[in-house]
Amino acid sequence: MLTVSAIAERLGLNVVVKGDVSRTVSGCYVSDLLSDVMAHSKDDNLWITLQTHPNIVAVAVIKGIAAVILTNGRSPEAETVRKAEAEKVTIMISADGTFELAGRLYAMTKDLQP
Amino acid sequence: MAANDTLEGCFELMGGDFSNAGAASSELKSILTKLGISADIVRRAAVTAFEAEMNVIIHAVAGTMHYMIIDNTLTITLNDMGPGIESIELAMQEGYSTAPDWVREMGWGAGMGLPNIKKYADIFKIDTVVGEGTTLEIYFRLKGEKC
Ligand SMILES: Nc1ncnc2c1ncn2[C@@H]1O[C@H](COP(=O)(O)OP(=O)(O)OP(=O)(O)O)[C@@H](O)[C@H]1O
Ligand SMILES: [Mg+2]
């Protein structure tokens, strides 16, 4: 059982918008194509992406994403932050690139994946 | 709610309005959840509604999303004024997209929306007239649901 806050702490993520960080994470999905996330992410997944625009919040809400992680130190757009706050969607930033972050997360969460 | 009650509602959609993208589908998702519809159907209905909503925003000028529950069936209908679809066969192929580059940079335009709707819906129908618009009908059977 891994919560969003435990993962944020262990990976040194910067929590920019704090939703319900006590949520238990079910696994992780990595994609920058939004319809791919719509098709393949699962409830309570973490979602790693480079996309920073407001539509990521809508995707996260529709798909029940536990938290969005932006890589390479990218910041969400101001409107994305505003929407995420309104919808209580957690957004975190990692200084790592996508490959490194996904690798570290995989090592932590592989037992959770179906 | 009794088995034969009708429940319905409608949302307006504007082409190009990316800042409100997903608002209608998120609202529909919370309405369906509150009605006590099973999580699996809510999840699938929300994905199909969102992909169809995005298609109106990306490809059309304006449209509506209408939902109706009657006789244990949830019907989501999207009606738009827009360019229509020249070849439904092509549009249904994964990877086919006419979205412009700036839309692709946002991560849309992978050509996955219509295939996703087909995958998640119980029944899915497209009716389109080139130069006029497109109508999508998406159905879910609610057997054994509370409403
Ligand atoms: N409402 C619509 N009006 C006009 N054309 C449409 C409409 N919906 C889909 N199309 C056409 O069908 C194509 C495929 O649609 P689909 O939803 O599968 O992919 P997309 O919207 O281009 O990309 P994605 O859904 O991955 O973001 C579109 O690129 C467009 O040419
Ligand atoms: Mg689409």
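These are my notes on the contact between chain A and chain B, the cysteines, and A:T49 in a predicted model.

**Entry 1: extent of the contact**

I began with the residues on each side. Chain A gives 19 residues to the contact and chain B gives 23 residues. I then looked up the area: the two chains bury about 1700 Å² between them, with 55% of it on carbon and sulfur atoms. I noted which residues of chain A lose the most area to chain B: they are A:S35, A:N55 and A:I62, and together they make up 34% of what that side buries.

**Entry 2: polar and charged pairs across the contact**

I looked for salt bridges between chain A and chain B and found a count of 1. The partners are A:D43 and B:R43, whose closest N and O atoms are 3.1 Å apart. For polar contacts between the two chains, I have 13 residue pairs, both residues being at pLDDT 80 or more.

I next asked which elements of chain A give two or more residues to the side that touches chain B. They are α2 (34-40) and α3 (55-63). Sorting that side of chain A by class, I get 8 nonpolar, 6 polar and 5 charged residues.

**Entry 3: cysteines**

I checked for disulfides over all chains, and the count comes to 0. I also looked up how accessible two cysteines are. A:C28 has a relative accessible area of 18%, so I put A:C28 down as buried, the cut-off being under 20%. B:C10 has a relative accessible area of 47% and is therefore entered as partly exposed, since exposed would require over 50%.

**Entry 4: A:T49**

I placed A:T49 in strand β3 of chain A, which covers residues 45-49. Is A:T49 buried or exposed? I have A:T49 as buried, because its relative accessibility is 1%.

I then followed the side chain of A:T49. One of its polar atoms lies 3.3 Å from the backbone oxygen of A:S31. The side chain of A:T49 also reaches the backbone nitrogen of A:Q51, at 3.0 Å.

Last, I listed what A:T49 touches, leaving aside neighbours within four places in sequence. The contacts are A:S31 and A:D32, together with A:V68, A:I69, A:L70 and A:T71. A:S31 thus appears in my notes both in this list and as the residue whose backbone oxygen lies 3.3 Å from the A:T49 side chain.

Notes
Residues numbered from 1 in each chain as written. Chains lettered and ligands numbered in written order. Predicted model: local features only at pLDDT ≥ 70, side-chain atom pairs only at ≥ 80, totals over all residues. Heavy atoms only, no water. Contact = heavy atoms within 4.5 Å. Buried area = accessible area lost by both parts, 1.4 Å probe. Salt bridge = Lys/Arg side-chain N within 4 Å of Asp/Glu carboxyl O. Polar contact = N/O pair within 3.5 Å; in protein donor to acceptor, adjacent residues only side chain to side chain. Helix = DSSP H or I, 4+ residues; strand = E, 2+ residues; numbered from the N terminus. Nonpolar A, V, L, I, M, F, W, Y, C, P; charged D, E, K, R; others polar. Disulfide = S-S within 2.5 Å. Buried < 20%, exposed > 50% of the residue type's maximum accessible area, 1.4 Å probe, protein only.
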